[in-house]
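Here are some notes to keep beside you as you look at this structure for the first time. I have numbered them so that you can take them one at a time.

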Number of protein chains: 2
Amino acid sequence: MAFSEFQPLNDKSLVDYIKATPSLSSKLKDHLDNLTVKEVGDGNLNFVFIVVGSHGSFVIKQALPYIRCIGESWPMTKERAYFEALALREHGRLSPDHVPEVYHFDRTMSLIGMRYLEPPHIILRKGLIAGIEYPLLADHMSDYMARTLFHTSLLYHNTTDHRKAVAEFCGNVELCRLTEQVVFSDPYKVSEYNRWTSPYLDSDAEAVREDNALKLEVAELKSLFCERAQALIHGDLHTGSVMVTPDSTQVIDPEFAFYGPIGFDIGAFLGNLILAFFAQDGHADEQNDRKAYKAWILRIIQNTWNLFHKKFIALWDANKDAGDAYLPAIYNNSELQQLVQDKYIKELLHDTLGFGAAKMIRRIVGVAHVEDFESITDASKRSGCERRALEFAKLILKERRKFQNIEEVVSAVQQIQ
Amino acid sequence: MAFSEFQPLNDKSLVDYIKATPSLSSKLKDHLDNLTVKEVGDGNLNFVFIVVGSHGSFVIKQALPYIRCIGESWPMTKERAYFEALALREHGRLSPDHVPEVYHFDRTMSLIGMRYLEPPHIILRKGLIAGIEYPLLADHMSDYMARTLFHTSLLYHNTTDHRKAVAEFCGNVELCRLTEQVVFSDPYKVSEYNRWTSPYLDSDAEAVREDNALKLEVAELKSLFCERAQALIHGDLHTGSVMVTPDSTQVIDPEFAFYGPIGFDIGAFLGNLILAFFAQDGHADEQNDRKAYKAWILRIIQNTWNLFHKKFIALWDANKDAGDAYLPAIYNNSELQQLVQDKYIKELLHDTLGFGAAKMIRRIVGVAHVEDFESITDASKRSGCERRALEFAKLILKERRKFQNIEEVVSAVQQIQ
């Protein structure tokens, strides 16, 4: 059988597709009877099928030509599957322990076959809502970010390879445009898609739309996002794009990948951890006041950044001859090496804080909210959590250049508390 | 006849080529007898033929697969002709009064046919050495820069068109790499290509190679050059890329064009004017002390920037709905518009000063020098001029963020004096 043009698959046609596709059927050792197929996509953009046979399993992800949660009214190129597959393979090569293996890609069908992250893997965001500690999370995520971001930047690339890769990922412009709209634009203007916990946050949302100082900073971040090809970033690295067990941390869903600012990825991850922190008061009950868990989240934030910093610099030190950014014949003494690395990391912290804050704001007054808050059923309580998160994000966005290290950021979180 | 593969033309084969090419022969009204063909390329990279017939004329520029002045030992893709033709057409569309019209482009032959800028057009650099004032220079160059840079930035582009154009010009990476090497690398390390007025400037060149603070700033500029796709820049906008008469200003040779930082173009132009300023003492004689001319150059620097600023902002104000950078629904009050424009221009001034200074330094201690200094035969006198220019450039590169406007820059030039 042939799928010579795109068609959305269902439980049934998927089995036919697998039978016709050796790279998939071989993963099941060609035992294709009694397959269980389950559609589990809870995201906004795609079908996700879990396929389990007697001798193997995988996940099939198929991109649809529109944003699923809104319906066919918001078209979105299914070519994003191509960029997702490219990014999974490139990031998987660089950080194989934390990216699921790609078994198969079909551009016509916008379809990726990849490793099934079997139970007890769950979405990190759900674990954070449940109050579960993941002892290796900071170590794993810092490892993933340091490896993928360092090796796709000019600290490792020569400019020939870099510009070639940049040009390729320019093709993922529609997904970039979605980010531009929902992160950098809609929250700062009246938009039909915006929502917030009303009426509690009505004046807070209005204040965001009328804050000149905030909009001035957002413009700078948007310009970085649109113009600065610093590394191959995941592009949507929130806590819903990470699957975890106590031993395993796997980063999925890089369909927004492109060459952009490194701080956008780190900021997305840390910003969503901070959202999880501010949501905890809404999940506290008589059995568990969540105080210890809040302290754990703050430690994860601190450790993720500090471990990232350490690992990123270690990769830099170990690959001084590799990239075109800092030629060893020029950056040829230890004082200067220290100066350039300190400057790089300081600017990266400020970018991270800026992007992280922007990602927080959009989750409170923009189109797509996070389950961390949405699962707090008492709207009054929820709005209180959201307001504190929003106040922190606004502060950080405007004042980010004053922060010297992550400890000062964690202190600021505690003070808003 | 057919030129199915690349071959370097000479006076003779060029005539055959013209006869076989209607878009060229028609420019001569098909009067192809008694053509005069003169090869005039004084640049480093190409053949340039002036073709004059009884009923018309044009220039033929052919890119060679190496850097001409160094010989075949330094290979350089002839595909740069493709990007030069693209940029000539795009910039010509945006600023037709200041870019020569393209009549013909042949990618196989790396050959561009374009308007012949007939006498009295001369290279601006030669006019500056001769001490000639061009009353319309600042007006014309500010016009060219404002129009070309504004309309190819996200102030005018949407991000779809922008990323598509960025991807296309990523192909011009070899020319970018040449800039990376000669502007941002070689002057700051020992390189076989570097030269300077020796022995006078031996310790000055060494001081550049050992200046940690300078190298730290150069790294930031190189990163902007390699990563920031702000607008379609000319990429080599020195005073040798401009042809002038008292009435006409024409920008040529955009073979280094790509999507890069706007300040790189403005800095190249202003930096080369500052080099011309510091060279004047070497051209002074009993008839002409060049004092008035030096004052004129400073006025041109000041007027070019201030007129650019005014015209760029006027284009911005007139096209508020056009680009994706500052959506009018967000940047929706005059105070905020003023804030974002002031911030944009301030950062652009600092970029301009940084790149301008880097372009000055490389012309004094790097591979390719400028005739402004080279034509000063007395090496002692020449080195004095060069040293003052170098001191100014180092100061500006390190302290550029302290300058609020162009008047402060002009004052700093006068103080080094």
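1. Start with how the two copies are related. In this predicted model, a turn of 180° with a shift of 0.0 Å along the axis lays chain A on chain B, with an RMSD of 0.0 Å. That is the relation of a two-fold axis.

2. Next, look at where the copies touch. Chain A puts 47 residues into the contact, and chain B puts in 47 residues. Of the interface residues of chain A, 100% are also interface residues in chain B, so the copies meet through the same surface.

3. How much area is buried between chain A and chain B? The value is about 4,000 Å², and carbon and sulfur atoms give 54% of it.

4. The interface of the two chains also has charged and polar pairings for you to find. There are six salt bridges between chain A and chain B. A salt bridge worth displaying joins the side chains of A:Arg228 and B:Glu227, at 2.8 Å from N to O. Polar contacts across the interface of chain A and chain B come to 30 residue pairs, counting pairs with both residues at pLDDT 80 or more.

5. Which elements give two or more residues to the side of chain A that touches chain B? They are helices H6 (159-169), H7 (173-185), H9 (212-227) and H12 (334-365) of chain A. H9(A) gives the most to this side, with twelve residues. By class, the residues on the side of chain A that touches chain B are 24 nonpolar, nine polar and 14 charged.

6. Now stay within one chain. Chain A is divided into domain 1, covering 11-114, and domain 2, covering 122-415. Their C-alpha centres lie 27 Å apart in chain A. The contact between these domains of chain A brings 23 residues of domain 1 together with 30 residues of domain 2.

7. The area buried between domain 1 and domain 2 of chain A is about 2,300 Å², with 66% of it from carbon and sulfur atoms. Which residues of domain 1 of chain A lose the most area to domain 2 of chain A? They are A:Phe83, A:His91 and A:His98, which together account for 30% of what the domain 1 side buries.

8. The domain interface of chain A has its own pairings. Three salt bridges are found between domain 1 and domain 2 of chain A, and the count of residue pairs in polar contact there is twelve (both at pLDDT 80 or more). On the side of domain 1 of chain A that touches domain 2, helix H3 (residues 80-94) gives the most, with ten residues. That side of domain 1 of chain A has twelve nonpolar, five polar and six charged residues.

9. Two salt bridges in chain A are good places to zoom in. A:Lys61 forms one with A:Asp253, where the closest N and O atoms are 2.6 Å apart. In another, the side chains of A:Arg80 and A:Glu255 meet at 3.2 Å, N to O. This second pair links distant parts of the chain, 175 residues apart: A:Arg80 is in helix H3 of chain A, while A:Glu255 is in the loop between strand S9 (249-251) and strand S10 (258-260) of chain A.

10. One last figure for the whole model: over all chains, the structure holds 56 salt bridges.

Definitions and conventions. Residues numbered from 1 in each chain as written. Chains lettered and ligands numbered in written order. Predicted model: local features only at pLDDT ≥ 70, side-chain atom pairs only at ≥ 80, totals over all residues. Heavy atoms only, no water. Contact = heavy atoms within 4.5 Å. Buried area = accessible area lost by both parts, 1.4 Å probe. Salt bridge = Lys/Arg side-chain N within 4 Å of Asp/Glu carboxyl O. Polar contact = N/O pair within 3.5 Å; in protein donor to acceptor, adjacent residues only side chain to side chain. Helix = DSSP H or I, 4+ residues; strand = E, 2+ residues; numbered from the N terminus. Nonpolar A, V, L, I, M, F, W, Y, C, P; charged D, E, K, R; others polar. Least-squares fit on C-alpha atoms with pLDDT ≥ 70 in both. Domains from an automatic or database assignment.
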